[in-house]
Amino acid sequence: MAAVDIHLGKDSYTVEIRRGLLEDTGRKIRRLTDAEKIAVVTDDHVGPLYGDRFRKILEDAGFTVRIITIPAGETSKNLSVFGDVLNAMADFEMTRKDALVTLSGGVPGDLGGYAAASYMRGIPFFQVPTTILAQIDSSVGGKVAVDLPAGKNLAGAFYQPKGVFIDPNLLKTLPIRYIHDGLAEAVKYGCIGDCRLFELFETMDTEADLEVHLEEIIQKSIEQKARVVEADAKEQNLRQILNFGHTIGHAVERYFHYETYTHGEGVAIGMALLTEQTERMGLTEKGTAVRLKKVLEKLSLPVTVSVEAARLIPEIMHDKKRRGNRITLVTIPRIGEAELLPVDTEELSRYIVTGENAL
């Protein structure tokens, strides 16, 4: 079993990675909490697949369990569904010593984590991520949130889980599009801090290659995130490098009402377009954009989108990273390195263009 320790003082925890780990999660959670009740937040895709099995795993460990199921998809990550989850927890008569577990992809993970942070001003929670995107990114680091009509993740908190349990076997029920969607974040980690991880993607040609290296990719991605989170738990400075590709990516997601592009697909577009432009501007080593686009295309991820740049800039103005008339973009001087680039919002059009001045 691989394990990555996240060193955050009193908020430290361990991310465990092993095929078949799901069967042991009840016992492992029991060692970490004396809770009597556990609320499991999942969605209506994952719940029918794993809900009954997971309930028994937790009950066998001595917990009283309630499954709280929300509709799948980004559109459920809102204050109304958040309120429904809190009310379900209250109806379950949970106390401050009880716990919450997310069995899910990123949406129930973010929303469930925020519910744990808010209910009675905070109860322990654990993550059992079921998508590659959640396993390598959103389940680690303690950023929990819901979306507002004005933008993504605008209501939330920094609230660390007590443990994260990753079973790559859970990915077997995931459509291939969503495997590749999550791997966009792994490519990001290669770009911003681990050139060997990026080079691993360059060597893989088939889905069989991916399966062989999947646990290694998950572990290396989490190690990169751990390094950044430990240095900057609340995104005051360095942690912003994790947003490589996200400023444009979130704008693309929002422009299409979260219906056309997945999160990873939006990030892929953002990474490719920004890197292509910063290379033109002399901020990125020549040849980097071509290497990046080849890897993304190998994973069937988009690298462009047919929307005029001017239409996306208003969406970027809702980005939570904006400070007044300044926003920080993340650039890569070369594969494996990242830099923060503060720019005036009036200059965004310089960074979000193609040769035809359209995305």
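In the predicted model described here, A88 lies within helix α3, which spans residues 79–91. With a relative accessible area of 19%, A88 is classed as buried, a class that takes in residues under 20%. Apart from residues up to four places away in sequence, the residues touched by A88 are R66 and I68. R66 stands 22 residues from A88 along the chain, and the C-alpha atoms of this pair are separated by 9.0 Å.

A further buried position is S139, located in the loop that connects α5 (132–138) to β7 (143–148); its relative accessible area is 2%. A polar atom of the S139 side chain is placed 2.7 Å from the backbone oxygen of A134, the residue that also appears among the contacts of S139 once neighbours within four places in sequence are set aside. The other contacts counted on that basis are with Q127, P129, P161 and V164.

Two residues were examined for their backbone angles. In general, most residues other than glycine have a negative phi. E235, by contrast, has a positive phi, near 55°, without being a glycine, and S300 likewise shows a positive phi, of about 60°, although it is not a glycine either. Both residues are found in loops, E235 between α8 (207–231) and α9, and S300 between α11 (288–298) and α12 (309–316). Their surroundings with respect to solvent accessibility are nevertheless not alike, since E235 has a relative accessible area of 14% and is therefore buried, whereas S300, at 57% relative accessibility, counts as exposed.

The enclosed space of the model was considered next. The count of cavities of 30 Å³ or more comes to two, and the second largest cavity holds about 70 Å³ of space. The lining of this second largest cavity is made up of N243, F244, G245, H246, T247, I248, G270, L274, L329, V330 and I352. Three secondary-structure elements, namely α9 (246–255), α10 (263–280) and β10 (326–331), each supply at least two residues of that lining, and the largest share, three residues, is provided by α9. When the lining residues of the second largest cavity are sorted by class, six are nonpolar and five are polar, while no charged residue is present.

Finally, the cysteines were inspected for covalent links, and a search of the whole structure returned zero disulfides. For C191, the closest cysteine sulfur is that of C195, at a distance of 11 Å, and this is too far for a bond, because a disulfide requires a pair of cysteine sulfur atoms within 2.5 Å. The converse also holds, in that the closest cysteine sulfur to C195 is the one in C191, again 11 Å away and too far for a bond. The accessibility of each cysteine was computed as well: C191 has 0% relative accessibility and so counts as buried, whereas C195, with a value of 32%, counts as partly exposed.

Note on methods. Residues numbered from 1 in each chain as written. Predicted model: local features only at pLDDT ≥ 70, side-chain atom pairs only at ≥ 80, totals over all residues. Heavy atoms only, no water. 1 Å grid on protein atoms, 1.4 Å probe; cavity = no way out; pocket = protein on both sides within 12 Å on 5 of 7 lines; lining within 4 Å. Points joined across faces, edges and corners; volume = space filled by probe spheres on them. Helix = DSSP H or I, 4+ residues; strand = E, 2+ residues; numbered from the N terminus. Nonpolar A, V, L, I, M, F, W, Y, C, P; charged D, E, K, R; others polar. Buried < 20%, exposed > 50% of the residue type's maximum accessible area, 1.4 Å probe, protein only. Polar contact = N/O pair within 3.5 Å; in protein donor to acceptor, adjacent residues only side chain to side chain. Contact = heavy atoms within 4.5 Å.
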